[in-house]
Amino acid sequence: MAVNNFLLLILIAILEAADGNLSTNYYSSTCPKALSIVREGVRKAIKNETIMGASLLRLHFHDCFVNGCDGLILLDDSANFVGEKTAVRNNNSIRGYNVIDEIKAQVEKACPEVVSCAEVVAITARDSVVSVSIYT
């Protein structure tokens, strides 16, 4: 229980530090199913593997750690670029990419090019904290 409270405090601190006007109903008109798609994807992932909740929160932390929450943690290597997935500090350390990829694909199917990868990572982290606190 103490771990869940600690994770919730971390998430609240991240959201409090964000600049701008955050809204819980931001996607109500542009992508009304977005939040339910993410919530269901997180719920399934955690039901399948409980530790995935912590893994998804950690993925979000690593995405935000250096230059802000920008979704760059999801970038793959290319011929001219070493992505953050395989960067030394993240390689074999971060889990949950498959969950994010699956959720993002479902969100894109529902409303193409509306919800960014960074937003999916952030919403997934939020829902992970909530889901873990419910299921434990």
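Here is a short exchange about this predicted model and how its helices, core and one pocket are made up.

Residues are numbered from 1 along each chain as its sequence is written. In this predicted model, local features need pLDDT of at least 70, side-chain atom pairs count only at pLDDT 80 or more, totals for chains, interfaces and linings use all residues, and side-chain values use heavy atoms, with hydrogens and water left out.

Reader: Which pattern does the protein follow along the sequence?
Author: Happy to start there. Helices (H or I, at least four residues) and strands (E, at least two) are DSSP runs, numbered from the N terminus. The protein has five helices and zero strands. Read along the sequence, that gives α-α-α-α-α.

Reader: What share of the residues count as buried?
Author: Buried means under 20% relative accessible area, exposed over 50%, and partly exposed in between, with a 1.4 Å probe and protein chains only. Of the 136 residues of the protein, the share that counts as buried is 38%.

Reader: Which helix gives the largest share of the largest nonpolar core?
Author: A nonpolar core is a set of buried Ala, Val, Leu, Ile, Met, Phe, Trp, Tyr and Cys residues joined through side-chain atoms within 4.5 Å. This one has 26 residues, and Leu-59, Leu-74, Ile-100, Ile-103, Val-107 and Val-115 touch the most other members. Two or more residues each come from H2 (34–48), H3 (52–65), H4 (97–110) and H5 (117–135). The largest share, seven residues, comes from H2.

Reader: Which residues is Leu-59 in contact with, leaving aside neighbours within four places in sequence?
Author: Contact means heavy atoms within 4.5 Å. Leu-59 is also among the core residues that touch the most other members. With those neighbours left aside, its partners are Ile-73, Leu-74, Ile-94, Arg-95, Gly-96, Tyr-97, Ile-100 and Val-121.

Reader: Is Glu-113 buried or exposed?
Author: Glu-113 sits in the loop between H4 and H5. Its phi is near 60 degrees, a positive value in a residue other than glycine. Most residues other than glycine have a negative phi. Because its relative accessibility is 75%, Glu-113 counts as exposed.

Reader: How many nonpolar, polar and charged residues are in the lining of the second largest pocket?
Author: The lining includes Lys-44, Met-52 and Glu-102, and H2 and H4 each supply at least two of its residues. Ala, Val, Leu, Ile, Met, Phe, Trp, Tyr, Cys and Pro count as nonpolar, Asp, Glu, Lys and Arg as charged, and the others, Gly among them, as polar. On a 1 Å grid over the protein atoms alone, a pocket is an open set of points where a 1.4 Å probe fits, with protein on both sides within 12 Å along at least five of seven lines, and lining residues have an atom within 4 Å of a point. By class, the lining has four nonpolar, three polar and three charged residues.
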